[in-house]
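Me: Could you walk me through this model with a few questions and answers? I would like the cut-offs spelled out as we go.

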Amino acid sequence: MNEDIPTTTTSLNPKAPNPSPTFTLRQPQFKGTTLLTYVRQCRSSSQLHPPPSEDVDVDGHAPPELAAPVPEKKSSMDDAIAQLEPYLSLFRSKYNEAEIPPPLLRFARLFRWKWIPIREALLRPFPPDEVEVGATTRLNLAKALQTKGLITMAELDILASSLPEPQHSVTANDAAAATTSSPPPPPKKQKTRTRPPLAIALARFATDAISNSATASHAKRHVLQLWKEFQLSSGDDAASVRDTSEWILSSFAACVLTNGVDASSSSCATEGFLVTQFDSFLVPHLERILSPPNVNMLDDVHVLTLTRWFVQSRESRVVGVLAGSVRACGAGEVVGVYGLECLPKVIAGYCVLKAGV
């Protein structure tokens with residue numbers, strides 16, 4: 001690729017009879033017709049490599065010990081934690097549990113797109129196997145923000161439930177008592193979080209949804225996020241599906257009682273949200289409730305809850321569930337009389353409310 005091209009430059013003596021080449025130039029041979037071809041050729045030429053030295057190997061690369069270290073890229077959560085830390089320090093030093101630092105309050109209300117990552121850093125679960133420095137401060141700040149409607153009660157409950165109990169430290173009295181003949185007291189049981197986050201969010205949904213519009217939107221997004229995580233983690237586990245169905249229907253019953261018995265179904269946004277998101281998922285559970293012998297255990301609150309759910313549900317699904325219940329209650333293999341008291345109330349309530357919508 002590289003050739004020694006002789007030049008026709010004459011020597012310094014102009015009277016020389018036969019000029020001869022005095023030096024040569026080492027140049028890359030240009031064979032292409034475009035600039036890109038020439039650049040590629042120059043890159044592969046040895047003229048672009050630095051001269052060998054003690055700090056550079058023969059291939060033009062610095063040895064590993066001299067190469068510049070590549071800084072590790074921080075994750076988005078690390079950046080959010082770094083942004084949260086000044087507000088935690090300010091809250092720890094100047095404010096009590098009921099007050100919020102004014103800079104943080106202004107930041108949360110005026111810069112919502114920047115407040116979201118800080119909010120996620122504040123609500124991240126506490127590490128189960130480590131002791132986080134300032135964990136109580138972070139929990140107290142979350143409690144103060146909840147009073148202003150910037151986080152929901154469900155998010156606060158989930159954060160509080162992830163806080164591990166402090167370990168019991170051995171004192172001098174404990175060491176002296178251990179030397180006596182009396183048996184030591186049984187160790188305290190560590191707190192375990194038995195309720196999944198989705199159950200906590202659904203249990204608090206009715207309370208969060210009636211606070212204000214901002215808290216209601218946060219509560220809905222929180223429920224949807226936990227619902228997606230549940231679908232990815234639990235799959236088709238029968239026990240998880242049954243428990244989740246009960247949590248959803250209990251949350252809907254709380255919304256019904258919160259909105260009032262005489263509330264218009266079309267004006268209850270919280271009820272409509274739950275029905276829209278979980279209508280198809282809850283069909284097997286509704287069929288199980290309205291089948292013998294469960295149908296005879298329903299009271300008036302259950303009847304009102306089912307009626308309000310059916311009003312906002314898809315009509316084809318409602319007809320399928322009610323027809324299956326009537327068929328199951330009237331089957332010949334069922335011993336006893338089922339559904340004569342509760343099932344007509346559900347059907348009549350559904351028809352009345354549906355006509356008034």
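Me: At 22% relative accessibility, is A328 buried, exposed or partly exposed?
Reply: Buried means under 20% relative accessible area, exposed means over 50%, and partly exposed is in between, with a 1.4 Å probe and protein chains only. A328 has 22% relative accessibility, so this residue counts as partly exposed.

Me: Happy to have that settled. What should I keep in mind about the model and its numbering?
Reply: This is a predicted model, in which local features need pLDDT of at least 70 and side-chain atom pairs count only at pLDDT 80 or more, while totals for chains, interfaces and linings use all residues. Residues are numbered from 1 along each chain as its sequence is written, and side-chain values use heavy atoms, leaving out hydrogens and water.

Me: Which helix holds A328, and how far is A328 from G339 in space, C-alpha to C-alpha?
Reply: Helices (H or I, at least four residues) and strands (E, at least two) are DSSP runs, numbered from the N terminus. A328 belongs to helix 14. In sequence A328 and G339 are 11 residues apart, and in space their C-alpha atoms are separated by 9.4 Å.

Me: Helix 14 also holds R317. What distance separates the C-alpha atoms of R317 and V283?
Reply: Helix 14 covers residues 315-329, and R317 sits in this run. With a relative accessible area of 26%, R317 is partly exposed. Along the chain R317 and V283 are 34 residues apart, yet their C-alpha atoms are separated by 7.7 Å.

Me: How many salt bridges does the structure hold?
Reply: Side chains of opposite charge can pair when their charged atoms come close. The criterion here is a side-chain nitrogen of Lys or Arg within 4 Å of a carboxyl oxygen of Asp or Glu. By that count, the number of salt bridges in the structure is seven.

Me: Which parts does the salt bridge between D300 and K345 tie together, and how many residues apart are they in sequence?
Reply: The closest N and O atoms of D300 and K345 are 3.7 Å apart. D300 lies in helix 13 (residues 300-312) and K345 in helix 15 (residues 343-356), so the salt bridge ties together parts separated in sequence by 45 residues.

Me: Where do D300 and K345 stand on the scale of buried or exposed?
Reply: D300 has a relative accessible area of 56%, so D300 is exposed. K345, at 39% relative accessibility, counts as partly exposed.

Me: Which residues do salt bridges that share partners join into one network?
Reply: R124 and E132 meet through their side chains at 3.5 Å, N to O. E132 also forms a salt bridge with R138, with closest N and O atoms 2.8 Å apart, and R138 is buried at 0% relative accessibility. The network therefore follows from the shared partner under the salt-bridge criterion, and its members are R124, E132 and R138.

Me: Which residue has its backbone oxygen 3.3 Å from a polar atom of the R308 side chain?
Reply: R308 lies in helix 13 and counts as buried at 1% relative accessibility. The residue whose backbone oxygen lies 3.3 Å from a polar atom of that side chain is G260.

Me: How far apart in space are Y350 and R308, C-alpha to C-alpha?
Reply: Y350 is placed in helix 15, and its relative accessible area of 9% makes it buried. The two residues are 42 residues apart in sequence, while their C-alpha atoms are separated by 7.4 Å.

Me: What is the area of the nonpolar surface patch made by L110, F111 and W113?
Reply: Patches are made of residues with over 30% relative accessible area and no salt bridge, joining like charges within 9 Å and nonpolar side chains (Val, Leu, Ile, Met, Phe, Trp, Tyr) within 5 Å. F111 is in the loop between helix 3 and helix 4 (112-122), and it is partly exposed with a relative accessible area of 34%. Areas come from the Shrake-Rupley method with a 1.4 Å probe, where for residues only the protein chains shown count as cover. The patch made by L110, F111 and W113 has an area of about 360 Å².

Me: And which peptide bond is cis, with omega near -5°?
Reply: P293 sits in the loop between helix 12 (269-289) and helix 13. The cis peptide bond, with omega near -5°, is the one from P292 to P293.

Notes
A polar contact is a pair of N or O atoms within 3.5 Å; within protein, one must be able to donate a hydrogen and the other to accept it, and residues adjacent in sequence count only if both atoms are side-chain atoms.
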